[in-house]
Amino acid sequence: MVGGAGGERDRDDPMFLFAALHARVNLTLFVASKCPDAPRCESFLQPALQAVGGLVDLQLDYIGAPNASAPYGVDCMHGDSECVGNAVQLCVRRHFPFT
C-alpha cells in the first residue's frame with residue numbers, strides 16, 4: 001500500500017500504475033543573459049536532464065524584467081552587457097512565445 005490518511009492505494013491498482021508511469025516533475029529555469037554562475041548550473045543540470053528528461057516538464061523564464069526607469073529598460077545584476085542581453089531575451093519571448 002502507498003499513501004496515508006485514507007489515501008492508500010495498492011501498487012497493483014491500475015490507476016496508481018498509470019499515475020506513476022505518467023507523473024512528471026515541473027522544473028522552471030530562471031536565466032539571466034550574462035550570469036557568471038549559469039555555466040556551472042548548466043553543467044549540473046544537463047546530465048540530470050539526459051538521465052530523467054522524459055519525467056520533467058521544463059519551462060524557461062527570465063530573471064530580467066522590464067523596468068522603465070533602468071538605463072536599458074530592464075533589470076539586470078551583472079552590468080551593461082547583461083542588461084542588453086536581458087532586453088534581447090525579453091523581446092524574443094514577447095514576439096516568439098514558447099508554447
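# Questions on the predicted fold

User: Is Asp57 buried, partly exposed or exposed?
Analyst: In this predicted model, Asp57 has a relative accessibility of 28%. Buried would require under 20% and exposed over 50%. The value of 28% falls in between, so Asp57 counts as partly exposed.

User: Which residue forms a salt bridge with Asp57?
Analyst: The structure holds two salt bridges, and Asp57 takes part in one of them. The closest N and O atoms of the pair are 2.6 Å apart, and the partner of Asp57 is Arg24.

User: How many residues apart in sequence are the parts that Arg24 and Asp57 tie together?
Analyst: The salt bridge joins Arg24 to Asp57. Arg24 lies in the loop between helix H1 (14-22) and strand S1 (25-31), while Asp57 belongs to strand S2 (residues 56-62). The pair therefore ties together parts of the chain whose separation in sequence is 33 residues.

User: Which residue forms a salt bridge with Asp61?
Analyst: Asp61 is partly exposed, at 26% relative accessibility. In its salt bridge the closest N and O atoms are 2.6 Å apart. The residue that pairs with Asp61 is Arg93.

User: In which helix is the residue that the salt bridge links to Asp61 of strand S2?
Analyst: The salt bridge is formed by Asp61 and Arg93. These two residues are 32 residues apart, and the pair links distant parts of the chain. Asp61 is in strand S2, and Arg93 is in helix H3.

User: In what order do the elements of the protein chain run from the N terminus on?
Analyst: The secondary structure of the protein chain comes to three helices and two strands. Read from the N terminus on, these elements run α-β-α-β-α.

User: What share of the contacts with a separation of 6 or more comes from residues 24 or more positions apart?
Analyst: One such pair in contact is Gln59 and Leu29, which are 30 residues apart in sequence. Across the protein chain, among contacts with a separation of 6 or more, residues 24 or more positions apart account for 58%.

User: How far apart in space are Gln59 and Leu29, C-alpha to C-alpha?
Analyst: Gln59 lies in strand S2 and is partly exposed at 48% relative accessibility. Leaving aside its neighbours within four places in sequence, Gln59 is in contact with Leu27, Thr28 and Leu29. For Gln59 and Leu29, the C-alpha to C-alpha distance is 6.3 Å.

User: What distance separates the C-alpha atoms of Lys34 and His78?
Analyst: Lys34 lies in the loop between S1 and helix H2 (38-52). Beyond its neighbours within four places in sequence, Lys34 is in contact with His78, Ser81 and Glu82. Lys34 and His78 are 44 residues apart along the chain, and their C-alpha atoms are separated by 6.8 Å.

User: Is Gln89 buried or exposed?
Analyst: Gln89 is found in helix H3. Leaving aside its neighbours within four places in sequence, Gln89 is in contact with Val31, Ala32, Ser33 and Tyr62. Its relative accessible area of 19% is under the 20% cut-off, so Gln89 is buried.

User: Which residue does a disulfide join to Cys76?
Analyst: A search of the whole structure finds one disulfide. Cys76 is partly exposed, with a relative accessible area of 29%, whereas Cys83 is buried, at 5%. The S to S distance is 1.8 Å, and the partner of Cys76 is Cys83.

User: How far from Cys35 is the nearest cysteine sulfur?
Analyst: The disulfide found joins Cys76 to Cys83. Cys35 is in no disulfide, and the nearest cysteine sulfur is that of Cys41, at a distance of 6.7 Å.

User: What is the approximate area of the nonpolar surface patch that includes Val92?
Analyst: Val92 is in helix H3 (residues 80-95) and is partly exposed, with a relative accessible area of 40%. The patch is made by Tyr72, Val84, Val88, Val92 and Phe96, and its area is about 480 Å².

User: How much of the area that the protein chain exposes is supplied by carbon and sulfur atoms?
Analyst: Buried residues make up 13% of the 99 residues in the protein chain. The chain exposes about 7600 Å², of which carbon and sulfur atoms supply 60%.

How values were computed
Residues are numbered from 1 along each chain as its sequence is written. This is a predicted model: local features need pLDDT of at least 70, side-chain atom pairs count only at pLDDT 80 or more; totals for chains, interfaces and linings use all residues. Side-chain values use heavy atoms; hydrogens and water are left out. Patches are made of residues with over 30% relative accessible area and no salt bridge: like charges are joined within 9 Å, nonpolar side chains (Val, Leu, Ile, Met, Phe, Trp, Tyr) within 5 Å. Accessible areas come from the Shrake-Rupley method with a 1.4 Å probe; for residues, only the protein chains shown count as cover. A salt bridge is a side-chain nitrogen of Lys or Arg within 4 Å of a carboxyl oxygen of Asp or Glu. Helices (H or I, at least four residues) and strands (E, at least two) are DSSP runs, numbered from the N terminus. Buried means under 20% relative accessible area, exposed over 50%, partly exposed in between (1.4 Å probe, protein chains only). Contact means heavy atoms within 4.5 Å. A disulfide is a pair of cysteine sulfur atoms within 2.5 Å.
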